[in-house]
Amino acid sequence: MSEPNNPFTEIENLFTSQASLKKVEKGRYLFQEGETAKELFLVKSGKVQIGKVIPDGRELSMRICSNGDVIGELTLFCDESTYMLNAKVMEDSEVYILSKQIFEENLSNKPQLTVEWLKWVQLQSRKNQTKFRDLILHGKKGALYSTLIRLTNSYGKSVDEGILIDYPMTNQELANFCGTSREVVNRMLSELRKEKIVIVDKNKIIVHDLDYLKKEIDCENCPINVCTIK
């Protein structure tokens, strides 16, 4: 949110003025599913992964939060609520921690903040809808291709061979974002390598033919702020 032309300054100002700032080490959790929800978080630096463990024991990753992202918003205005997801710190981070009660009181008394918050919630809803659309319409292939496209939008850097996803990620971590097994992702990546669509080097992926991925899932060319892994 601290980027130029930030449309969510009221939200950020609330956290920076009324929240406490805490350093959190890699591997720790801001919260875990089922814990009583009393706080919201805003990431100042570092990365936090939001996910859920599904009944068969596999992990489903939803998004990667970084500078300016709000976490824990699903619990607002819910009595006796618990966190529905896990928030795991992926690298040493700094986060603002704000009481849910204080956030709710500010929303109730500040119309400009309320309007801004509704816009932020709408943006998150659009992101989720497009992810589910790709999964429902195109299955596991849609989930992988969509995730690769979102990763290029979030962490892509132009190189001679195409677009480097400048975010180290194992095949298991990639599978977690797709809601499938590592073996399935390995097989699909192998097929993409044979077709020279992607280049895989250790934990780095270069997308050589982004247009192919978009065409295969009938990409609607959503705005970058919607088609993101963040």
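Analyst: Welcome! UniProt positions follow the numbering used here, feature names are shortened, and annotations may be inferred rather than shown by experiment. This is a predicted model whose local features need pLDDT of at least 70 and side-chain atom pairs pLDDT 80 or more, while totals for chains, interfaces and linings use all residues. Residues count from 1 along each chain, and side-chain values use heavy atoms, without hydrogens and water.

User: Which residues does the "domain: Cyclic nucleotide-binding" annotation cover?

Analyst: The annotation comes from an unreviewed UniProt entry. Its stretch is 9% helix and 51% strand (DSSP runs: H or I, at least four residues; E, at least two). Its end C-alpha atoms lie 23 Å apart. The annotation covers residues 22-107.

User: Which element gives the largest share of the largest nonpolar core?

Analyst: A nonpolar core joins buried (under 20% relative accessible area, 1.4 Å probe, protein chains only) Ala, Val, Leu, Ile, Met, Phe, Trp, Tyr and Cys residues through side-chain atoms within 4.5 Å. The largest has 29 residues, with Leu144 and Leu192 among those with the most contacts inside it. Elements giving two or more residues include α4 (171-178), α5 (182-194) and α3 (111-155). The largest share, 7 residues, comes from α3.

User: Is Trp117 buried or exposed?

Analyst: Trp117 is found in helix α3. Leaving out residues up to four places away in sequence, Trp117 touches Ile11, Val70, Glu73, Leu76, Phe103 and Leu107 (heavy atoms within 4.5 Å). Because its relative accessible area is 7%, Trp117 is buried.

User: What distance separates the C-alpha atoms of Trp117 and Gly162?

Analyst: Trp117 and Gly162 are 45 residues apart along the chain. Their C-alpha atoms are separated by 37 Å.

How values were computed. Buried means under 20% relative accessible area, exposed over 50%, partly exposed in between (1.4 Å probe, protein chains only).
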